[in-house]
Amino acid sequence: MTNDSKSNGGAKNEATKSLGASNRGTDKPVYDPNARAAIEVEHIVKKYGEFTAVDDVSFSVKEGEIFGLLGPNGAGKSTLIRMMTTLIPITSGKARIAGHDVAKEPNAARRMIGVIPQALTSDLDLTVEENLNIYAKLYDVPAKEREKSITELLGLVDLAKWRDAQTKTLSGGMRRRLEIARGLVHHPRIFFLDEPTTGLDPVSRVAVWEMLGNIKEHRKLTILITTHYMDEADRLCDRIAIVDHGKLVALDEPMALKASVPGSNVIEAQFENSPDDWEQRLHDLEAVTSVQHEGAGMYRVLTSNGSRTTTQLVELAVQSGVSVKSLSVQNTTLDDVFVHYTGRQLRDELQKAYGFVMPQRPGLQP
Ligand SMILES: Nc1ncnc2c1ncn2[C@@H]1O[C@H](COP(=O)(O)OP(=O)(O)OP(=O)(O)O)[C@@H](O)[C@H]1O
Ligand SMILES: [Mg+2]
């Protein structure tokens with residue numbers, strides 16, 4: 001663990017307090033903190049034998065909010081979603097969906113929700129429309145409304161032209177969009193999406209998020225989403241919960257989370273010929289709150305005074321005969337928030353776990 005453990009504990013408690021809505025100065029709609037709760041989770045626990053996958057997690061999501069669950073592989077995000085959506089039993093604690101206790105009134109809770117699971121699940125041998133129709137029938141959407149809902153949704157996810165196409169001919173991003181449409185055919189009020197953009201290329205990722213924004217404007221929806229992409233979560237979520245080893249370690253609006261990390265700037269610099277104690281020497285510079293060595297001579301230095309630390313850092317490099325290959329100063333990001341609360345880089349966690357890319361379109365393979 002290379003981040004500053006001195007500053008870790010106190011701020012954690014600060015960040016787990018909700019600060020309510022603030023003007024973020026972005027074009028995101030600000031959710032109403034006084035709205036009713038759409039999802040309430042109280043001291044929820046999931047055990048598999050002796051192993052605790054979700055450990056005493058509590059939070060509440062307001063109607064109309066986009067709520068992000070962030071965490072490394074195995075943190076318990078999917079397990080949380082499965083419990084909230086009635087797919088697996090809760091070991092202890094409670095989850096309520098629009099006021100319905102999922103353990104006592106699972107059917108009432110199910111009627112309120114749409115779920116996009118982590119794995120792609122649309123039937124490849126059916127057409128786009130057939131995939132949607134099956135779900136609409138499954139959810140007892142009356143025939144008249146079915147046609148209207150499917151047409152509207154295909155427009156919203158930009159697949160109208162692909163209505164009669166075989167699903168296997170769609171790209172990964174298009175299949176994700178189809179699944180988003182499928183999860184909405186029965187007009188749910190609360191939408192759960194488990195990593196809808198993992199494995200997609202950057203362009204498809206942006207398209208999926210744009211679709212979600214589009215849909216939210218047309219339908220009154222509360223969204224709970226898990227993602228590994230900090231930039232997405234930062235831009236799109238009203239509030240973010242960071243989960244690690246089954247525990248909730250921080251929960252707040254993105255701005256407040258970033259403000260809870262000591263240091264307001266990040267200096268990213270790459271050095272050549274740096275001595276063994278370079279990390280410590282960077283740490284000793286004025287205003288530095290933490291230093292992470294990212295390998296290949298690359299360091300990420302958090303500071304509360306970007307310009308002063310930068311000047312000192314360059315002077316130190318010159319005095320020590322170390323060359324600076326690159327240097328940039330930015331504001332803190334959610335990546336820094338993640339490192340601060342978990343002591344690890346999400347990037348590293350993902351590299352360990354995700355050696356895969358989205359499968360090729362089978363229809364296009366030779
Ligand atoms: N059916 C099961 N039996 C035993 N352990 C399980 C089961 N399902 C999940 N786990 C364990 O619970 C932990 C949480 O898993 P979960 O799938 O919720 O993580 P996650 O945060 O969704 O991770 P990822 O980012 O990889 O999707 C993991 O350690 C996983 O191995
Ligand atoms: Mg998961």
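**Close-up views of a predicted model**

**View 1. Helix α2 lies across strands β1, β2 and β4 (92-97).** The model shown here and in the other views is predicted. Helix α2 runs at about 115 degrees to β1. The strands under discussion belong to an open sheet of 4 strands, in the order β2-β1-β4-β5. Pairing in this sheet is antiparallel. Its edge strands are β2 and β5 (100-101), and each of them pairs on one side only.

**View 2. Strands β1 and β2 run antiparallel.** Strand β1 covers residues 37-48. How many bridges join β1 to β2? There are 8 bridges between them. Look for glutamate 40, which stands opposite serine 60 in β2. In a regular strand, side chains alternate between the two faces of the sheet.

**View 3. Twelve named positions surround ligand 1: Tyr48, Phe51, Ala53, Gly71, Asn73, Gly74, Ala75, Gly76, Lys77, Ser78, Thr79 and Gln118.** Two elements give two or more residues to this shell: β2 (51-62) and α2 (77-84). Which element supplies the largest share? Helix α2 does, with 3 residues. By class, the shell has 7 polar, 4 nonpolar and 1 charged residues. Helix α2 thus appears in two views: it contributes to the ligand 1 shell, and it lies across β1, β2 and β4.

**View 4. Helices α6 and α7 pack at an angle of about 15 degrees.** Helix α6 spans residues 172-182, and helix α7 spans residues 202-218. Their axes are 9 Å apart. The two helices are therefore roughly parallel to each other. Their crossing is right-handed. On the α6 side, the contact uses Gly172, Gly173, Arg176, Arg177 and Ile180. On the α7 side, Ser204, Ala207, Val208 and Met211 meet them. The contact residues divide into 4 nonpolar, 3 polar and 2 charged.

**View 5. Strand β11 pairs with β13 and with β14.** Strand β11 covers residues 265-272. It is joined to β13 (residues 298-303) by 6 bridges, and these two strands run antiparallel. Within this pair, isoleucine 267 has valine 301 of β13 as its bridge partner. Strand β11 also pairs with β14 (residues 323-331), over 8 bridges. In what sense do β11 and β14 pair, parallel or antiparallel? The pairing is antiparallel. Here the residue to find is glutamate 272, whose bridge partner in β14 is serine 323.

Note on methods: Residues numbered from 1 in each chain as written. Chains lettered and ligands numbered in written order. Predicted model: local features only at pLDDT ≥ 70, side-chain atom pairs only at ≥ 80, totals over all residues. Axes fitted to C-alpha atoms, helices over the stretch in contact; angles between N-to-C directions. Parallel < 35°, antiparallel > 145°, perpendicular 65-115°, else oblique. Left-handed = near helix turned anticlockwise from the far one by under 90°. Contact = placed C-beta atoms within 7 Å. Nonpolar A, V, L, I, M, F, W, Y, C, P; charged D, E, K, R; others polar. Near = placed C-beta within 6 Å. Pairing = 2+ DSSP bridges.
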